[in-house]
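User: Hi! I've got a structure to go through and would love some company. Can you pull it up?

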Amino acid sequence: QVQLVESGGGLVQPGGSLRLSCAASGRIFSTYAMGWYRQAPGKQRELVATIISGGSTNYVDSVKGRFTISRDNAKNTVYLQMNSLKSEDTAVYYCNTKVRVDWYSNYGDYWGQGTQVIVSS
């Protein structure tokens, strides 16, 4: 089974920074993409950032210029550097990966447990 373990969340003041990390483990034949989603209380889960196997990245408009997604293939880990944090960024952040577990299988989605980010004075 594929597992994703997230870390790096916490309480920060507006304008502060955090770096989230997500380490993947288990049977993974190939990885198509990894990304970060977030969900605030009473709101829908939204895509924050993705990084594709070739290295291209994509961000939701609200975080462009402030957040950076990156990866370390040797460690099978994806990161989300969050700068200039705003109260609107408060949410539980979830790591997601699209992987094949075998050469003959389709890509499937796997999720981390979530890490809480609170931006408050």
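User: Thanks! Starting with Arg-38, is that residue buried or exposed?

Analyst: Happy to help, and one note first: this is a predicted model. Arg-38 counts as buried because its relative accessibility is 6%, and the cut-off for buried is under 20%.

User: Which residue does Arg-38 form a salt bridge with, then?

Analyst: One partner is Glu-46, with the closest N and O atoms 2.7 Å apart. Arg-38 also meets the side chain of Asp-89 in a salt bridge, at 2.9 Å from N to O. That second pair links distant parts of the chain, 51 residues apart: Arg-38 sits in strand 4, and Asp-89 in the loop between strand 8 (77–82) and strand 9.

User: And are those two partners buried or exposed?

Analyst: Asp-89 counts as buried, at 1% relative accessibility. Glu-46 is partly exposed, at 29%.

User: Which residues end up in one network there?

Analyst: Arg-38, Glu-46, Arg-66 and Asp-89, joined by salt bridges that share partners.

User: How many salt bridges does the whole structure have?

Analyst: The search finds 6. Another of interest pairs Asp-102 with Arg-27, where the closest N and O atoms are 2.9 Å apart. These two are 75 residues apart and again link distant parts of the chain: Asp-102 is in the loop between strand 9 (91–100) and strand 10 (108–111), and Arg-27 in the loop between strand 3 and strand 4.

User: Where do Asp-102 and Arg-27 fall, buried or exposed?

Analyst: Asp-102 counts as buried, at 15% relative accessibility, while Arg-27 counts as exposed, at 51%.

User: Switching topic: what's the volume of the largest pocket?

Analyst: About 170 Å³. Its lining residues include Tyr-32, Met-34, Ile-51, Arg-71 and Asp-72. Strand 4 (30–39), strand 5 (46–52) and strand 7 (67–72) are the elements that give two or more residues to that lining.

User: Which strand gives the most?

Analyst: Strand 4, with 4 residues.

User: And how does the lining divide into nonpolar, polar and charged?

Analyst: There are 5 nonpolar, 5 polar and 2 charged residues in the lining.

User: Last one: which residues make the nonpolar surface patch?

Analyst: Phe-29, Trp-103 and Tyr-104 make a patch of about 450 Å². Phe-29 lies in the loop between strand 3 (18–25) and strand 4. With a relative accessibility of 48%, Phe-29 counts as partly exposed.

Conventions: Residues numbered from 1 in each chain as written. Predicted model: local features only at pLDDT ≥ 70, side-chain atom pairs only at ≥ 80, totals over all residues. Heavy atoms only, no water. 1 Å grid on protein atoms, 1.4 Å probe; cavity = no way out; pocket = protein on both sides within 12 Å on 5 of 7 lines; lining within 4 Å. Points joined across faces, edges and corners; volume = space filled by probe spheres on them. Nonpolar A, V, L, I, M, F, W, Y, C, P; charged D, E, K, R; others polar. Patch = residues over 30% accessible without salt bridge, like charges linked within 9 Å, V, L, I, M, F, W, Y side chains within 5 Å. Areas by Shrake-Rupley, 256 points an atom, 1.4 Å probe, with all protein chains shown as cover. Salt bridge = Lys/Arg side-chain N within 4 Å of Asp/Glu carboxyl O. Buried < 20%, exposed > 50% of the residue type's maximum accessible area, 1.4 Å probe, protein only.
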